[in-house]
Amino acid sequence: MRKIHVIGIGAGDPDQLTLQAVRALRSTDVFFVLDKGEVKSDLTRLRRDMLETHIPDGGYRVVEARDPERDRRAGGAAYSPAVGDWRSARAGIYERLIAEELGADESGAFLVWGDPALYDSTLGILEEVLARGAVAFEYDVVPGISSVSALVARHRTGLNRVARPVQITTGRRLAEGFPEGVDDVVVMLDAHQTFRQYAGQDVDIYWGAYIGTPDEILVSGPLAEAGPRIERLRAEARERKGWIMDTYLLRRNPRDA
């Protein structure tokens with residue numbers, strides 16, 4: 001039976017891999033990497049750097065495939081179907097890679113940024129592949145340090161305050177309003193800097209981009225003051241690299257609750 005490891009590799013720093021993740025890397029014959037194109041080629045390089053750091057003697061293969069494009073213009077009712085189409089396209093690629101590149105007695109691995117359980121599609125896609133019935137395999141999951149954990153660690157703060165909840169959401173959902181009954185909100189996948197609509201409230205922000213990589217940028221402070229700086233740094237970084245991955249924590253002070 002083929003074996004697949006789904007390995008959380010942290011936010012970019014090779015030192016963020018857990019001992020369990022390193023053991024899984026060293027037991028892997030084939031690493032599957034989806035290439036996102038020239039603009040994001042440094043993401044592929046970071047993965048290769050991790051392998052070279054933790055498996056210096058080699059002995060493995062890296063198989064790359066082009067990641068299918070997602071229709072990022074789709075909004076409203078069209079958003080979920082567009083994501084579904086993209087995931088199914090990925091499932092087809094995963095199915096082919098496993099069937100053609102992984103021997104019956106070999107182990108393969110997908111290296112997942114952050115933690116496979118948090119805003120990542122790999123587990124759902126592998127279940128779709130299994131449901132198709134064309135290729136059989138077992139898989140396990142190795143948790144990783146998420147960008148959320150790395151963010152608050154770099155800012156030397158916690159996710160929540162005493163006896164208070166914290167919510168993790170997306171920029172798309174934050175645009176609909178601050179979650180009811182929650183004053184600490186982690187926002188991921190926000191391409192539109194939705195935090196700007198809360199600049200008039202007494203809110204602090206802890207923001208980070210490219211966390212765990214040499215390009216890391218961190219900004220924190222009252223949103224009204226830090227917001228404009230974040231917008232400028234974000235625009236400059238995106239122009240320089242062609243892409244950006246950022247995450248932030250919004251912390252609303254009690255009198256605005």
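These legends accompany several close-up views of one predicted model.

Residues are numbered from 1 along each chain as its sequence is written, and side-chain values use heavy atoms, with hydrogens and water left out. Because the model is predicted, local features need pLDDT of at least 70 and side-chain atom pairs count only at pLDDT 80 or more, while totals for chains, interfaces and linings use all residues.

**View 1. Five strands form an open sheet.**
Helices (H or I, at least four residues) and strands (E, at least two) are DSSP runs, numbered from the N terminus. Two strands pair if DSSP finds at least two bridges between them. Here the order is 3-2-4-1-5, and the pairing is parallel. Strand 3 (61-66) and strand 5 stand at the edges. Each has a single partner strand, so one side of each is left without a neighbour in the sheet. The twist averages 25° from one strand to the next. Axes are lines fitted to C-alpha atoms, for helices over the stretch in contact, and angles run from 0 to 180 degrees between N-to-C directions. Strand 2 (residues 30-35) and strand 3 run parallel and are joined by six bridges. Leu34 has Ala65 as its bridge partner in strand 3.

**View 2. Strand 1 (residues 2-8) is largely enclosed.**
Six of its seven residues are buried, so the rest of the structure largely encloses strand 1. Buried means under 20% relative accessible area, exposed over 50%, and partly exposed in between (1.4 Å probe, protein chains only). Strand 1 runs parallel to strand 5 (residues 137-142), and six bridges join them. Ile4 stands opposite Tyr139 in strand 5. Strand 1 also pairs with strand 4 in the parallel sense, over six bridges. There, Val6 stands opposite Phe110 in strand 4. Helix 4 lies across strand 1, strand 4 and strand 5. Helix 4 runs at about 170° to strand 5.

**View 3. Ser121 sits in a loop before helix 4.**
The loop lies between strand 4 (107-112) and helix 4 (122-132). Is Ser121 buried or exposed? Ser121 is buried, because its relative accessible area is 9%. Its side chain makes a polar contact with the side chain of Arg90, at 3.4 Å. A polar contact is a pair of N or O atoms within 3.5 Å; within protein, one must be able to donate a hydrogen and the other to accept it, and residues adjacent in sequence count only if both atoms are side-chain atoms. Ser121 touches Trp86, Arg87 and Arg90, not counting residues up to four places away in sequence. Contact means heavy atoms within 4.5 Å.

**View 4. Tyr94 and Phe110 form a stacked pair.**
Rings of Phe, Tyr and Trp (its six-membered ring) pair if their centres lie within 6.5 Å; planes under 30 degrees apart count as stacked, over 60 as edge-to-face and the rest as tilted. By this rule the count comes to seven aromatic pairs. The rings of Tyr94 and Phe110 have centres 4.4 Å apart and planes at 25°, so they are stacked. Tyr94 lies in helix 3 (residues 79-101) and Phe110 in strand 4, so the pair ties together parts that are 16 residues apart in sequence. Tyr94 is buried, with a relative accessible area of 3%. Phe110 is buried too, at 3%. Phe32, Tyr94 and Phe110 form one aromatic cluster.

**View 5. Phe178 and Tyr198 meet edge-to-face.**
Their centres are 5.3 Å apart, with 80° between the planes. Phe178 is in the loop between helix 6 (171-174) and strand 7. Tyr198 is in the loop between strand 7 and strand 8. The pair links distant parts of the chain, 20 residues apart. Phe178 and Tyr198 are buried.

**View 6. Strand 7 is covered on both faces.**
Five of its five residues are buried. Asp184, Val186 and Met188 are on one side, with Val185 and Val187 on the other. Strand 6 (residues 166-170) runs parallel to strand 7, joined by five bridges. Thr169 has Val187 as its bridge partner. Strand 7 pairs with strand 10 in the antiparallel sense, over four bridges. Val185 has Leu250 as its bridge partner in strand 10.

**View 7. Helix 5 (residues 147-154) packs against strands.**
Ser147, Val148, Ala150, Leu151 and Val152 are buried in helix 5. The buried residues of helix 5 pack against strand 7 (184-188), strand 8 (203-209) and strand 10 (246-252). Just after helix 5, Arg156 takes a positive phi of about 55°.
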